[in-house]
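Here is a short briefing to read alongside the model. Have the sequence and the 3D view open, and follow along at your own pace.

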Amino acid sequence: MTAADRLAEIRRRIVRAERAAGRAEGATTLVAVSKTFPVEDIREVIAAGQRVFGENRVQEAQAKWPILRSETDGIELHLIGPLQSNKAAEAVALFDVIHTVDRDKIAATLAAEGAKQGRRPRLFVQVNTGLEAQKAGIDPREAIAFVERCRTVHGLAIEGLMCIPPVEDAPGPHFALLAKLAREAGVAGLSMGMSSDFEIAVGLGATHVRVGSALFGSRPKPV
Ligand SMILES: *Cc1c(COP(=O)(O)O)cnc(C)c1O
């Protein structure tokens, strides 16, 4: 199978899941997660028509995307990995969407950088729906108040919520919780679902699914 075949198959599966859920076709954006893969592999996926990509490390994205962007118009780049304050300036300069806002300090830094650079990436708040100690994201019990503080204290528009369910859990309840929190917080975006569970996420209202290995192949090590 070529990259174009794999991309077409994933898009078919997304459309099928949208129809099964009674959602509009095209309601879900596929974020192609290209972390760890070299520019040659990414070029094949761009050639097949994909324009929206996700990376989880600022430095790796800086090494790969300026050249790829110079070759093709309309690339949209999403940061899906944890963001440190000392990388915020670079992240604001490089990414169109940041999925991992999860604390006041990073919200304040992103607001300041946005003002300084005159560039405001679209933002999602990451929610740690499984309350995992090692995982980034805000406690679900604090998520609604945090979205509100992003608006009122930091002056940031929040587009939606994002989660990564614990690997050992069935993902559905986590996606359903994220959808409920988003409704209560008054945000429309839902970034949820990866290679193993994106159809479940689409069924529960995902607006963005983040698919890596099903599209690019397996990664050498978990990251
Ligand atoms: C790596 C990663 C993905 C993609 O995972 P796959 O299982 O390869 O589809 C999605 N979201 C985040 C936050 C990731 O780090």
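**Two side chains, a ligand and a pocket**

The side chains of His208 and Thr207 are joined by a polar contact of 2.9 Å; such a contact is a pair of N or O atoms within 3.5 Å, where within protein one must be able to donate a hydrogen and the other to accept it, and residues adjacent in sequence count only if both atoms are side-chain atoms. This is a predicted model, in which local features need pLDDT of at least 70 and side-chain atom pairs count only at pLDDT 80 or more, while totals for chains, interfaces and linings use all residues. Residues are numbered from 1 along each chain as its sequence is written, and side-chain values use heavy atoms, with hydrogens and water left out.

**His208 and Arg12**

- His208 sits in strand S8 (residues 208-211); strands (E, at least two residues) and helices (H or I, at least four) are DSSP runs numbered from the N terminus.
- With a relative accessible area of 6%, His208 is buried, whereas Arg12, at 47%, counts as partly exposed; buried means under 20%, exposed over 50%, and partly exposed in between (1.4 Å probe, protein chains only).
- Arg12 belongs to helix H1 (residues 3-20), and its side chain makes a polar contact of 2.9 Å with the side chain of Glu9.
- Arg12 and His99 are 87 residues apart along the chain, and 25 Å separates their C-alpha atoms.

**Around the ligand**

- The residues around the ligand (a heavy atom within 4 Å) include Val33, Lys35, Met162, Arg210, Gly212 and Arg219.
- The side chain of Arg210 has an N or O atom 2.9 Å from a nitrogen atom of the ligand.
- Ligand oxygen is met by a backbone N or O atom of Gly212 at 2.8 Å and by a side-chain N or O atom of Arg219 at 2.7 Å.
- On its own the ligand has 380 Å² of accessible area, and the protein covers 90% of that (Shrake-Rupley method, 1.4 Å probe).

**The second largest pocket**

- The second largest pocket has a volume of about 170 Å³; a pocket is an open set of points on a 1 Å grid over the protein atoms alone, where a 1.4 Å probe fits, with protein on both sides within 12 Å along at least five of seven lines.
- Of its 15 lining residues (an atom within 4 Å of a point), the closest to the centre are Arg120, Pro121, Leu123, Leu156 and Ala157.
- Helix H5 (104-117) gives the largest share of this lining, 4 residues.

Technical notes
Grid points are joined across faces, edges and corners, and a volume is the space filled by probe spheres set on the points.
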